[in-house]
Amino acid sequence: MSENKKRALIVVDVQNDFCPGGSLAVEHGDEVVPPLNKLIKEFLDRGEPVFKTRDWHPAKTRHFAAYGGTWPVHCVQGTHGAEFHPDLLDDPRINIISKGTNESADGYSGFDGTNLSQLLSEEGVTEVWVAGLATDYCVKHTVLDARREGFAVKALADAMRAVNLNPDDGTRAIEEMRTAGAEIVGNTKKAAGAGE
Ligand SMILES: [Zn+2]
């Protein structure tokens with residue numbers, strides 16, 4: 001490994017509403033928590049930056065079906081559903097990135113309307129490791145934007161799960177990430193399907 005390669009971990013949207021019991025639950029979504037906790041600890045122990053993104057919507061947004069969008073109401077700012085999964089490691093060194101705050105945009109990507117790219121550049125980061133929820137939406141868009149911004153990307157399949165509105169969405173998302181130049185690491189079956 002080159003001396004000047006600096007890594008960061010981006011944990012995407014591991015929030016109550018995306019986990020079993022939530023308003024937009026991803027099947028087996030909570031299974032990403034243990035592998036992510038291990039990664040968060042390893043990155044922090046090495047002094048490498050960790051970012052958690054969170055969907056942080058206004059109550060009224062075109063993202064929601066009630067206002068012309070696709071999704072049931074989820075992750076409204078300040079609600080229980082918008083909180084991180086209670087078992088996800090917390091640490092004062094973790095940077096929180098709020099996204100989806102614009103009422104006229106979906107804001108799937110952690111880079112969309114946030115200062116994430118700037119923060120990564122300021123830290124001298126050249127490679128990002130990305131995982132979380134969900135494979136076929138916010139993880140995918142975060143990975144694609146990271147590639148567009150010039151970062152090397154490892155997409156961590158063991159620590160992501162898919163929504164699969166259409167049954168193949170997860171599989172297709174993995175292929176899109178790979179085509180964009182991301183290295184896919186781990187069990188892609190779990191990442192693409194909602195479960196076994
Ligand atoms: Zn959302």
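Modeller: Let's start with a cut-off: a disulfide is a pair of cysteine sulfur atoms within 2.5 Å. Keep in mind that this is a predicted model.

Biologist: Happy to. By this rule, how many disulfides does the count come to?

Modeller: The count comes to 0 disulfides. Take Cys19: the nearest cysteine sulfur belongs to Cys75 and is 9.3 Å away. A pair has to be within 2.5 Å, so Cys19 is in no disulfide.

Biologist: How do you know that Cys138 is in no disulfide?

Modeller: By the same kind of check. For Cys138 the nearest cysteine sulfur is that of Cys75, 8.7 Å away. The limit is 2.5 Å, so Cys138 is in no disulfide either.

Biologist: And are Cys19 and Cys138 buried or exposed?

Modeller: Buried means under 20% relative accessible area. Cys19 has 2%, so Cys19 is buried. Cys138 has 5%, so Cys138 counts as buried too.

Biologist: On to the metal. What makes Asp55, His57, His63 and His74 the residues that coordinate the zinc ion?

Modeller: Distance. A donor is an N, O or S atom within 2.8 Å of the metal. The OD atom of Asp55 and the NE2 atoms of His57, His63 and His74 lie at 2.1 to 2.2 Å, so they pass as donors. Along the chain these donors follow the spacing D-x1-H-x5-H-x10-H. His63 and His74 are 11 residues apart, each in the loop between S2 and S3, and both are buried.

Biologist: Why is the site of the zinc ion called irregular?

Modeller: The angles among its 4 donor atoms run from 90 to 168°. A tetrahedral site needs all angles between 85 and 135 degrees, and 168° lies outside that range. The site is classed as irregular.

Biologist: Pro58 is in that loop between S2 and S3 as well. Why is Pro58 called buried?

Modeller: Its relative accessibility is 15% and the cut-off is under 20%, so Pro58 counts as buried. Among the residues that Pro58 touches are Phe64, Val76 and Thr101. Thr101 is 43 residues from Pro58 in sequence, with 6.1 Å between their C-alpha atoms.

Biologist: Now the sheet. What is the order of the strands?

Modeller: The 6 strands form an open sheet in the order S3-S2-S1-S4-S5-S6, with parallel pairing. S3 (95-99) and S6 (183-185) are the edge strands, as each pairs on one side only. From one strand to the next, the twist averages 25°. Helix H3 (residues 135-148) packs on this sheet, touching S1, S3, S4 and S5, and its direction makes about 170° with that of S4.

Biologist: How do you know that S1 pairs with S2 and with S4?

Modeller: Two strands pair if there are at least two bridges between them. S1 (residues 7-12) and S2 (residues 50-55) are joined by 4 bridges, and S1 and S4 by 6; each count meets the rule. Val12 stands opposite Thr53 in S2 and Gly132 in S4, while the bridge partner of Val11 in S2 is Lys52.

Biologist: Why is S1 described as largely enclosed by the rest of the structure?

Modeller: Because 6 of its 6 residues are buried. Both faces are covered: Arg7, Leu9 and Val11 lie on one side, and Ala8, Ile10 and Val12 on the other. In a regular strand the side chains alternate between the two faces of the sheet.

Technical notes
Residues are numbered from 1 along each chain as its sequence is written. This is a predicted model: local features need pLDDT of at least 70, side-chain atom pairs count only at pLDDT 80 or more; totals for chains, interfaces and linings use all residues. Side-chain values use heavy atoms; hydrogens and water are left out. Helices (H or I, at least four residues) and strands (E, at least two) are DSSP runs, numbered from the N terminus. Axes are lines fitted to C-alpha atoms, for helices over the stretch in contact, and angles run from 0 to 180 degrees between N-to-C directions. Contact means heavy atoms within 4.5 Å. Donors are N, O and S atoms within 2.8 Å of the metal (3.2 Å for Na, K and Ca); water is not among the atoms, so sites may look incomplete. Four donors count as tetrahedral if all angles lie between 85 and 135 degrees; four count as square planar and six as octahedral if opposite donors are over 155 degrees apart and all others between 65 and 115; anything else is irregular. Buried means under 20% relative accessible area, exposed over 50%, partly exposed in between (1.4 Å probe, protein chains only). Lists of a residue's contacts leave out its neighbours within four places in sequence.
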